[in-house]
Every structure is written in C-alpha cells, then in structure tokens.
Amino acid sequence: MNSEFKNEGPDPVLTEGKMKKILYDIHFVEAMRNDVGLKSDSFAFETMDEYYSTILKSHDVAMADFEQSFEHYIAYPKKMESIMSQVSDSLHAAGNLPKK
C-alpha cells in the first residue's frame, strides 16, 4: 500500500498530510497570483487545469486521485476544516499570507 493513501482499492483517498501539502502549494501559488498582484498574463500557467496539473505532478499525484480525495474530505467537514486550518496556519507562519 502506498503510504500516501489512507486505503487501497477502487477509491483510494490521500492522507490528510498529503492533502495538506498539496493544498498548501495550491493556496501559496494562488496567494502569489492574487495578493502580490501578479497579472494573469504574467502568470506562468495558461489555464487552471495546467496550474493544478503542475502542482499535482510535483507531488506525484494524479488529478483523479486528488479530486476523489478532495470529495472525500468535503464529505467530512470537520476533517476538511482541520486540514484547511493547518494550511492557513502554515501559510501565515511562513509569512506567505497577511496576518489573520
């Protein structure tokens, strides 16, 4: 079993730790694009699909696995809230977002 998945079988779910890492990267790049004032035409990605694909590729995760895992965590709001809170705290601690 791949340690990045919570279960095997037809519906693998990424661990909370792996989701946190991916969501951190997604939100970091979004913050760079939105909060720092980078214009869309100066951003390195032409489409959102390319943007997500590049991040997921860096984590060696397929888009389908991420989407399935995201849907899983959305179905468990307390888990997703915990993950997102950790992502936010990490971004703030690293100085990548303005203070709350």
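**An all-helical fold and its nonpolar core**

Read from one end of the sequence to the other, the protein follows the pattern α-α-α-α. In this predicted model, there are four helices and zero strands. Of the 100 residues of the protein, 25% count as buried. The exposed surface comes to about 6,500 Å², and carbon and sulfur atoms supply 53% of that area. Contacts also reach along the chain: among those between residues at least 6 apart in sequence, 58% join residues at least 24 apart.

A good place to begin a tour of the interior is the largest nonpolar core, which has 17 residues. Met19, Ile22, Leu23, Ile26 and Phe66 are the residues with the most contacts inside this core. Helix H1 (16–35), helix H2 (48–58), H3 and H4 each supply at least two of the core residues. H1 gives the most, with five residues. As general background, nonpolar side chains in soluble globular proteins tend to be buried together.

Met19, one of the residues with the most contacts inside the core, can be followed outward to its neighbours. Leaving aside residues up to four places away in sequence, Met19 touches Leu14, Phe66, Ser69, Phe70, Tyr73 and Ile83. Two of these partners, Phe70 and Tyr73, belong to H3 and also take part in the contact between H3 and H4, as does Ile83 from the H4 side.

That contact deserves a closer look. Helix H3 (residues 63–74) and helix H4 (residues 77–93) pack at an angle of about 110 degrees, and their axes lie 6 Å apart. This angle falls within the range of 65 to 115 degrees, so H3 and H4 are roughly perpendicular to each other. On the H3 side the contact is made by Phe70, His72, Tyr73 and Ile74, while H4 contributes Pro77, Lys79, Met80 and Ile83. Sorted by class, the residues of this contact are six nonpolar, one polar and one charged.

The loop between H2 and H3 offers a further point of interest, as it is where Val61 is found. Is Val61 buried or exposed? Its relative accessible area is 9%, and buried means under 20%, so Val61 is buried. Around Val61, again not counting residues up to four places away in sequence, the residues touched are Leu14, Lys18, Ile22, Leu56 and Phe66. Ile22 is 39 residues from Val61 along the chain, with 9.2 Å separating the two C-alpha atoms. Leu14 and Phe66 appear among the neighbours of Val61 and also among those of Met19.

How values were computed. Residues are numbered from 1 along each chain as its sequence is written. This is a predicted model: local features need pLDDT of at least 70, side-chain atom pairs count only at pLDDT 80 or more; totals for chains, interfaces and linings use all residues. Side-chain values use heavy atoms; hydrogens and water are left out. Axes are lines fitted to C-alpha atoms, for helices over the stretch in contact, and angles run from 0 to 180 degrees between N-to-C directions. Angles under 35 degrees count as roughly parallel, over 145 as roughly antiparallel, 65 to 115 as roughly perpendicular and the rest as oblique. Contact means heavy atoms within 4.5 Å. Ala, Val, Leu, Ile, Met, Phe, Trp, Tyr, Cys and Pro count as nonpolar, Asp, Glu, Lys and Arg as charged, and the others, Gly among them, as polar. A nonpolar core is a set of buried Ala, Val, Leu, Ile, Met, Phe, Trp, Tyr and Cys residues joined through side-chain atoms within 4.5 Å. Buried means under 20% relative accessible area, exposed over 50%, partly exposed in between (1.4 Å probe, protein chains only). Accessible areas come from the Shrake-Rupley method with a 1.4 Å probe; for residues, only the protein chains shown count as cover.
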